[in-house]
Amino acid sequence: MGINIGSDEISSLVEKDRVHKRVYTDPAIFELEMQRIWGTAWVFIGHESQVPKPGDYYATTLGKQSVIMTRHHDGEVKVLFNRCSHKGAQLVGDSCGHAPKFRCSYHGYVFDTDGTLLHIPREEGYKNTSYCKGKAGANVQNVPRMEIYRGFIFASLATQGQDLVSWLGISTSSFDNAIDRSPTGEIEITGGSLRYMHDANWKILLENVTDNMHPQVTHQSAFQPAKQLGMKYSDKDKPLALAMLEPFGSSYDFLDEIKMTVCGIGHSYTGGAVSIHSAYPKESQYVKKMQLQYGEDRTNKILSMNRQNTIIYPSIAFKSALQTIRIYRPVAVNKTIQETWTYKLKGAPDDMLENSVLYNHMIFSPASIAGHDDYEAYHRIQHGLSNNASDWVSQHRHMNSDSINEDGTRSAPGTSDIVFRHEFEAWKHYMTNTV
Ligand code: FES
Ligand SMILES: [Fe+2]
């Protein structure tokens, strides 16, 4: 689609401390984002544990493209466009399953799990044509680039660009910590995802992840009863559900102490020494298993990295301290699918997974105690921004409080708008880079 918005016009939408509302409401900007951000960046596709055996597949989207992650019979993971090479039907209609071969449901052409065309009914009809076995154009196409970081699979629609590890930069440390928290150094995505559509722009959802100014207000109805109920218990006996809800009412001082750090192109993490998850009671059998594997010092080091959320811009946010992943899939300028997943720390007691599932259901699910509060906030922002009032959205908070760390990252108090500003630096970079 030809979109007539020049780089100067795009740049004018992002100032150092505010952004124009068009970035959230203009359908033409959204289409350009699909080309220039979601069409070029590394986008999270899934985890290797979702396709453990040859023939396993998992279908998802990469920007506006429908794709299939498969495990080929040589053991390699492939990411294919979900499009039959014959007349274009989607090869896979459901979200996951097992198929040693893909047989298109329209005319029955058969493809291998790496996309190679294997069988055409009445093949002689193609004699002396360019569509036949062995011709690249007759295969199901692989996406231009796919790379894996320690089991986390990313793909890009751009044929060229930075390799995945360079692009992830320092944020690889959050993946490392997620994996180190397993006594065997392995994680496994478990169960299905909680998947639901939000009536808001994808950036509004992503910004909420690091918006530490909202929980005390938006989630008041969730944490206040939890705090009242929690008074009946000592910290040691408190049910975990209450321990999970109470920190949503943390003081602004505590939230500032959490800190936020920005790195790479739009990536960030919140938390460090403390986070809203750091005061949960420790599962003693789990700590013992970790100590057995890693020794006391290294276990302390692993478990004291309290990253509340890591965002890999633009497609994923995850909690390494709580084994949950949130995935963002833009659908339209005002429609975004969010999926939340849980993963298991292999070798850890089952309680650890149960805690993760509890958090996921209690905080992120559409029927949760907190998730619908955020849903309402997204909806109100999207509608509020369509009014004719001010054109600008503020990102001024703690504008001059950044500090530079030894590794080149920048940190700020946990209630800063630093992450939003950083995400829009990346947005501007992608959106004005037309090469
Ligand atoms: S469209 Fe797939 S076999 Fe014809
Ligand atoms: Fe929230």
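In this predicted model, Phe175 is found in helix 5, which covers residues 172-180. Phe175 is neither buried nor fully exposed: 19 other C-beta atoms lie within 10 Å, and because 20 or more would be needed to call a residue buried, Phe175 counts as partly exposed. Setting aside the neighbours within four places in sequence, the contacts of Phe175 are Tyr149, Arg150 and Phe152. Tyr149 is 26 residues away from Phe175 along the chain, yet the C-alpha atoms of the two are separated by 8.3 Å.

The contacts of Phe175 lead to a part of the chain that is worth a look of its own. Arg150, one of these contacts, sits in the loop between strand 10 and strand 11. The backbone of Arg150 has a positive phi of about 45°, although this residue is not a glycine. Arg150 has 15 other C-beta atoms within 10 Å, and is therefore partly exposed, as that count falls between the limit of 12 or fewer for exposed residues and that of 20 or more for buried ones.

The two strands on either side of this loop can be followed next. Strand 10 runs antiparallel to strand 11 (residues 152-156), and 5 bridges join the two. Within this pair, Arg145 stands opposite Ser156 of strand 11. Both strands belong to an open sheet of 3 strands, arranged in the order 2-11-10 with antiparallel pairing. Strand 2 (43-47) and strand 10 (145-149) are at the edges; each has a single partner strand, so one side of each is left without a neighbour in the sheet. From one strand to the next, the twist averages 30°.

Attention now turns to a pair of helices. Two packed helices are described by the angle between their axes and the distance between the axes. For helix 6 (residues 202-209) and helix 14 (residues 371-385), the packing angle is about 135° and the axes are 10 Å apart. Helix 6 is therefore oblique to helix 14, and the crossing of the two is right-handed. On the side of helix 6, the residues that meet the partner are Ile204, Leu205 and Asn208, while helix 14 contributes Asp374, Tyr378, Ile381 and Gln382. By character, the residues of this contact divide into 4 nonpolar, 2 polar and 1 charged.

How many of the residues of helix 6 are buried? The count is 8 of the 8, so helix 6 is largely enclosed by the rest of the structure. The buried residues are Trp202, Lys203, Ile204, Leu205, Leu206, Glu207, Asn208 and Val209. Ile204, Leu205 and Asn208, already met in the contact with helix 14, are among them.

Two further backbone features complete the picture. The peptide bond from Tyr313 to Pro314 is cis, with omega near 10°. Pro314 lies in the loop that links strand 15 (309-312) and strand 16 (316-319). On the other side of strand 16, the loop leading to strand 17 (324-332) holds Gln323. Gln323 has a positive phi of about 55° although it is not a glycine. Is Gln323 buried or exposed? Gln323 has 26 C-beta neighbours inside 10 Å and, because 20 or more are enough, counts as buried.

Definitions and conventions: Residues numbered from 1 in each chain as written. Chains lettered and ligands numbered in written order. Predicted model: local features only at pLDDT ≥ 70, side-chain atom pairs only at ≥ 80, totals over all residues. Pairing = 2+ DSSP bridges. Helix = DSSP H or I, 4+ residues; strand = E, 2+ residues; numbered from the N terminus. Axes fitted to C-alpha atoms, helices over the stretch in contact; angles between N-to-C directions. Parallel < 35°, antiparallel > 145°, perpendicular 65-115°, else oblique. Left-handed = near helix turned anticlockwise from the far one by under 90°. Contact = placed C-beta atoms within 7 Å. Nonpolar A, V, L, I, M, F, W, Y, C, P; charged D, E, K, R; others polar.
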